[in-house]
Amino acid sequence: MPTLQEFVTEYIETIGGDCEEVEPQVYDILFPEGLAGQNTKFKRSSLPSLNELAERGLLRVTYDPEAVPEHPGSQLVSFGTPLVDTVLNDAVRRGRTATAYLTGLNLQTRDLPVKIRRTMKLPEGFDWLFENIRFLHYPQAVFWFEATFVSDIKEQEVLPVGFDLASGREVRRLDQLLDFERLEQCPTQSLIEVNHIDLTEIYLKARHETVRTVSALGNFRRRELETRLNKQVARMQLYYADLRKELDEQERRSIKKVSTNVETMESQEKFVKRLETINREESQRITELRQKSELKITLRLANLLIVQQPKVCIQAVATGKRGTEISSEPMEIIWNPLPEQLEAAVCPSCGGSTFEFRLATKRSKTEHPLICGQCVS
Ligand SMILES: [Zn+2]
């Protein structure tokens, strides 16, 4: 376990600030600038935000109570002080997101043109003309959502979902992507990051996907709970029916015994009251059972990992082989070395995924010469 001083020093340096030892246990610390954007006001609003700490400029802190009088203007740093609480809160928040690099992939693929010609189908008389090939980092965002189902019992499920930030498509094989033997903190080869969609947009997509999964899981649990509830209610109704039957018999027996009218009245009143008690208790306990079986679901984002995955991006144009002047706009064809497959290309007309391009007809209502099958019809 690092000491508090070691922890704070490492934290300040990690976030890009400065820490200088003035003398043993006395430090000058400086928070980095530019925290305003990622500034989070913590739950305890009395705590200073990181940005507020940064705005205070150079802070002289000491971890030794006896050093405070010798350094006027210095503040004592210990557990429970606002500075440490703010730092701890932020460190926990930062721990929920991380970036890793997928390494050990073979980017030198043999016969890539052959593979493209075989997989990306073109209309008769067309061929691919390859213009450029680049190795790029494609960020893959993996979100772990934590769903909590609370009824009479509490259950939790962690649901991972991944998206390619460049295409916005869901990553189907998360197990391949999250091969922890291959994930490293630094890349083996520094590559340029491909242009991609904003993470917030992908987060909304991921949440939408997860909400769908969670509702399905919720419905399944609800049905289970309902079956169990119906059984419990039936058992309880049986129990109270028995009580009423018993009461009924008692009443009949006592009527035989009693002689005067007053006594009969009194006895009847007593039975009516007891019957009311039984009925009230029954309905109360059934209501309680129903309340306990009500399912409440909460969903929260627990972790986010950005995996920078190298892929091969080939720029290509499809042109007519003989005489035809028609050629497509430059397209990006992506070779994914992880599953060793070509990814579906993007139709220039509808933006959908396709492995086959067709010639646009007049009916296609598009200016693009080559489009996907969906757009032709
Ligand atoms: Zn299309």
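Here are some exercises with worked solutions on the predicted model shown above.

**Exercise 1. Overall shape**

Task: Work out how the radius of gyration of the protein compares with that of a compact globule of 377 residues.

Solution:
- Start with the reference value: a compact globule of 377 residues would come out near 21 Å.
- Now look at the protein itself, which has 35 Å.
- Then check the spans: along its principal axes, the C-alpha trace covers about 120 × 85 × 35 Å.
- Next, burial: 17% of the 377 residues are buried.
- Finally, take the contacts with a separation of 6 or more: 63% of them link residues 24 or more positions apart.

**Exercise 2. The partners of strand S6**

Task: The protein has eight helices and 16 strands. Pick out strand S6 (residues 126–150) and find how it pairs with S10, S7 and S9.

Solution:
- Begin with S10 (residues 296–320): S6 pairs with this strand in the antiparallel sense over 24 bridges. For a landmark, find Pro139, which sits opposite Gln308 in S10.
- Move on to S7 (residues 154–164), which is joined to S6 by 11 bridges and also runs antiparallel. Here Phe149 has Glu155 as its bridge partner.
- Look at how the chain gets from S6 to S7: a hairpin of three residues makes the link.
- End with S9 (residues 192–193), where two bridges hold a parallel pairing with S6. His137 is bridged to Glu193 there.
- What kind of bond is behind all this? Strands of a sheet pair through backbone hydrogen bonds, and they can do so parallel or antiparallel.

**Exercise 3. Checking a helix**

Task: Decide whether the end-to-end distance of helix H6 (residues 199–257) agrees or disagrees with its number of residues.

Solution:
- Count first: H6 has 59 residues.
- At 1.5 Å a residue, they should span 87 Å.
- The end C-alpha atoms of H6 are 83 Å apart, so the distance agrees with the expected span.
- Now ask which residues of H6 are buried: Ile202, Ala206, Thr210 and Val214.
- And what covers them? S6, S7 and S10 are among the elements that do.

**Exercise 4. Into the core**

Task: Find which residues touch the most other members of the largest nonpolar core, and which strand gives the core its largest share.

Solution:
- The core has 18 residues, and Ala141 and Phe163 touch the most other members.
- S5 (97–102), S6 and H6 are the elements that each supply two or more residues.
- S6 gives the largest share, with six residues.
- Zoom in on Phe163: leaving out residues up to four places away in sequence, its contacts include Ala141, Ile202 and Ala206.
- Don't stop at one core, though: a separate second one has nine residues, including Ala318, Leu370, Ile371 and Cys372.

**Exercise 5. The open sheet and a loop residue**

Task: Name the edge strands of the sheet S1-S2-S3-S4, then say whether Thr81 is buried, partly exposed or exposed.

Solution:
- The sheet is open, has four strands and shows mixed pairing.
- S1 (18–23) and S4 each pair on one side only, which makes them the edges.
- S1 runs antiparallel to S2 (residues 26–30), with five bridges between them; one of the residues to look for is Glu23, whose partner is Val26.
- Just past S4 (75–76), in the loop before helix H3 (82–95), you'll find Thr81.
- Thr81 has 13 C-beta neighbours inside 10 Å, so this residue counts as partly exposed.
- As a last check on distance, Thr81 and Arg358 are 277 residues apart in sequence and 67 Å apart in space, C-alpha to C-alpha.

How values were computed:
Residues numbered from 1 in each chain as written. Predicted model: local features only at pLDDT ≥ 70, side-chain atom pairs only at ≥ 80, totals over all residues. Pairing = 2+ DSSP bridges. Rg over C-alpha atoms; globule rule 2.2 N^0.38 Å. Buried ≥ 20, exposed ≤ 12 C-beta atoms within 10 Å, placed from the backbone. Contact = placed C-beta atoms within 7 Å. Expected span 1.5 Å × (residues − 1). Core = buried A, V, L, I, M, F, W, Y, C linked by C-beta atoms within 7 Å.
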